[in-house]
Amino acid sequence: MIYGDMLSYFPEMFRKFDYFNMNPLPSASYTKREKLGTARGVLQYLKRGELRRENDTLADTEIPTFWTRENLKTGYFLLVQDEAYRITNKADWLYAGGFNCFVLELVVGNTDKQKPFEYVNIGQNSYD
């Protein structure tokens, strides 16, 4: 894991990521994306035990984290290779070298990119 002051020594790790906002709808989907800008940073996956927070476990589950100098708001979304990640919280305990660390969560389910089915056979008029 590379973080804090060390990030400036690895410029090849930096990428530009679009961040945007989507509001949840009552129908378990979201409104259209409202692009807020582009954030330059490093996406890394940390083991859950490396977060070193209270009541944490040593499970091998990897958590996506985003390191950037920008101060993003929680609740916004980050686009990573055509998948939307929600910024769940700012990891203040990992602020180092002028970089903010944000924990990300993959958005599972319907997003604003779903397409309705043109035809669905629900079995009507199947029987004579």
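Analyst: A contact here means heavy atoms within 4.5 Å. This is a predicted model. In the protein, residues 24 or more positions apart account for 53% of the contacts with a separation of 6 or more.

User: What elements does the protein have, and in what order?

Analyst: There are six strands and zero helices. From the N terminus on, the order is β-β-β-β-β-β.

User: Why is strand β3 called largely enclosed?

Analyst: Buried means under 20% relative accessible area. Six of the seven residues of β3 (residues 62-68) are buried, so the rest of the structure largely encloses this strand. Across the 128 residues of the protein, 32% count as buried.

User: What makes β3 and β6 a pair?

Analyst: Two strands pair if DSSP finds at least two bridges between them. Four bridges join β3 to β6, so the rule is met. The two strands run antiparallel. T65 has V103 in β6 as its bridge partner.

User: How do you know that D18 and K35 form a salt bridge?

Analyst: The cut-off is 4 Å, from a side-chain nitrogen of Lys or Arg to a carboxyl oxygen of Asp or Glu. For D18 and K35 the N to O distance is 3.4 Å, so the pair qualifies. This pair links distant parts of the chain. D18 is in strand β1 and K35 is in strand β2 (residues 34-47), 17 residues apart.

User: Why is K35 called exposed, but D18 partly exposed?

Analyst: Exposed means over 50%, and partly exposed lies between that and the 20% limit for buried. K35 has 55% relative accessibility, so K35 counts as exposed. D18 has 29%, so D18 counts as partly exposed.

User: How many salt bridges are there by this rule?

Analyst: The count comes to two. R86 and E105 also meet in a salt bridge, at 2.9 Å, N to O. Here too the pair links distant parts of the chain: R86 in strand β5 (residues 83-90) and E105 in strand β6 (residues 100-106), 19 residues apart.

User: Why are R86 and E105 called partly exposed?

Analyst: R86 has a relative accessible area of 30%. E105 has 39%. Both values fall between 20% and 50%, so both residues are partly exposed.

User: What makes M6 eligible for a surface patch?

Analyst: A patch residue needs over 30% relative accessible area and no salt bridge. M6 has 37% relative accessibility, so M6 clears the area cut-off and counts as partly exposed. M6, Y9 and F10 form a nonpolar patch, with about 330 Å² of accessible area together. M6 is found in the segment before β1 (15-21).

Conventions. Residues are numbered from 1 along each chain as its sequence is written. This is a predicted model: local features need pLDDT of at least 70, side-chain atom pairs count only at pLDDT 80 or more; totals for chains, interfaces and linings use all residues. Side-chain values use heavy atoms; hydrogens and water are left out. Patches are made of residues with over 30% relative accessible area and no salt bridge: like charges are joined within 9 Å, nonpolar side chains (Val, Leu, Ile, Met, Phe, Trp, Tyr) within 5 Å. Accessible areas come from the Shrake-Rupley method with a 1.4 Å probe; for residues, only the protein chains shown count as cover. Buried means under 20% relative accessible area, exposed over 50%, partly exposed in between (1.4 Å probe, protein chains only).
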